[in-house]
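Let's take a walk through this structure together, one stop at a time. Have the sequence and the 3D view open as you read.

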Amino acid sequence: MRIDILSLFPEMFTGFLETSIIKRARDNGNVDIRVHNFRDYSLDKHKRVDDYPYGGGAGMVLQCEPIFRAIEDIRTEDSVVIMMSPSGSVFKQEMARDLSKKKHLILLCGHYEGFDERIRTIVDMEVSIGDYVLTGGEVPAMAITDAVTRLIPGVITKESLDSESFDDGLLDYPNYTKPAVFRGMKVPDVLLSGHHKNIDEYRKSEQIRKTEEVRSDLTGGDKVGK
Ligand code: ADE
């Protein structure tokens, strides 16, 4: 898979791209991630990319020209162009799964007051990572790149992907490691028992309990698995 990210602040991605699983996925050729500064596509002699909103109002608006030129330069027949925006559809694990099957994603990061409305005509999707407003689309682009990359076959083991949060609409089960007792807090006996069927049952029931406790919206408020 290839992911192209268009941003005014490419330096924000340096640590993200050079650390941990994302770095390994790039080194192994599972994903080719490129970050572009769309200021490079400005035709303005001062490389300007924004201007005041028509009709007045606060802040600056990203202009069409550099963004259209950047997308037209980078996109192919296989590209899905995604605009980061707090007014987009909310990004969920299911969307991450769908996007991980695409050949090419182009993630467009806004800044300032937002985009000229006409930019919406050149994008395929508008995506928000949650109901809050960030200073720009860079953190959302990292979140989407991260969630999608780890789902690309070969990036992490199939076992790690099995039964994680949001599979079956449930949160993950609790994990413990050594020591078996820490400051009086004991690891549940069943996990030390070696009895795999009981361990599976315990984990499933913990998933259901936790999901109902903190995310009843995922279970529709109904008791699940009972
Ligand atoms: N840009 C600013 N806030 C955002 C959000 N919550 N999701 C996506 N892009 C954004």
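A word on accessibility comes first: a residue is called buried under 20% relative accessible area, exposed over 50%, and partly exposed in between, using a 1.4 Å probe and protein chains only. By that scale Arg39 is partly exposed, with a relative accessible area of 28%.

Before going further, keep in mind that this is a predicted model, so local features need pLDDT of at least 70 and side-chain atom pairs count only at pLDDT 80 or more, while totals for chains, interfaces and linings use all residues. Residues are numbered from 1 along each chain as its sequence is written, and side-chain values use heavy atoms, with hydrogens and water left out.

Let's start with the overall layout. The domain assignment splits the protein into domain 1 (2-149) and domain 2 (163-219); such bounds come from an automatic or database domain assignment. Taken over C-alpha atoms, the centres of the two domains are 36 Å apart.

Back to Arg39, which sits in the loop between β2 and β3. The helix and strand names here are DSSP runs, numbered from the N terminus: helices are H or I with at least four residues, strands are E with at least two. Which residues does Arg39 touch, not counting those up to four places away in sequence? They are Leu8, Lys47, Arg48, Val49 and Tyr112, where contact means heavy atoms within 4.5 Å. Arg39 and Ile67 are 28 residues apart along the chain, and their C-alpha atoms are separated by 8.6 Å.

Two of the names just mentioned lead somewhere. Lys47 belongs to the loop between β2 and β3 (50-51), and it has a positive phi of about 60 degrees although it is not a glycine. At 36% relative accessibility, Lys47 counts as partly exposed. Ile67, meanwhile, is one of the buried residues of helix α3 (residues 64-74), a list that reads Cys64, Pro66, Ile67, Ala70, Ile71 and Ile74. What do these buried residues pack against? Their partners are β1 (2-7), β2 (32-37), β4 (61-62), β5 (79-90), β6 (104-108) and β7 (114-115).

Strand β5 deserves a closer look. Gly88 lies in it and is buried, with a relative accessible area of 17%. Leaving aside neighbours within four places in sequence, Gly88 is in contact with Glu126, Val127 and Ser128. Thr19 is 69 residues away from Gly88 along the chain, and 28 Å separate their C-alpha atoms.

Val127 turns up again at the next stop, Met95. This residue is in helix α4 (residues 93-99), and it is buried, with a relative accessible area of 14%. Its contacts, not counting residues up to four places away in sequence, are Ser89, Val90, Met125 and Val127. The C-alpha atoms of Met95 and Ile144 are separated by 9.4 Å, with their positions 49 residues apart along the chain.

Now for the pockets. On a 1 Å grid over the protein atoms alone, a pocket is an open set of points where a 1.4 Å probe fits, with protein on both sides within 12 Å along at least five of seven lines; lining residues have an atom within 4 Å of a point. The largest pocket has a volume of about 320 Å³, a volume being the space filled by probe spheres set on the points, which are joined across faces, edges and corners. Of its 22 lining residues, the closest to the centre are Met84, Ser85, Pro86, Leu134 and Gly136. The elements giving two or more residues to this lining are β5, β7 and β8 (125-128), and β5 gives the most, with four residues.

Another positive phi, of about 55 degrees, belongs to Ser20, again although it is not a glycine. Ser20 lies in helix α2 (residues 20-27) and is exposed, with a relative accessible area of 56%.

Further along the chain, a cis peptide bond joins Lys178 and Pro179, with omega at about 5 degrees. Pro179 is in the loop between α6 (158-161) and β9 (181-182).

Our last stop is helix α8. Its buried residues are Ile199, Tyr202, Glu206, Gln207, Ile208, Thr211 and Glu212, and they pack against α7 (189-192).
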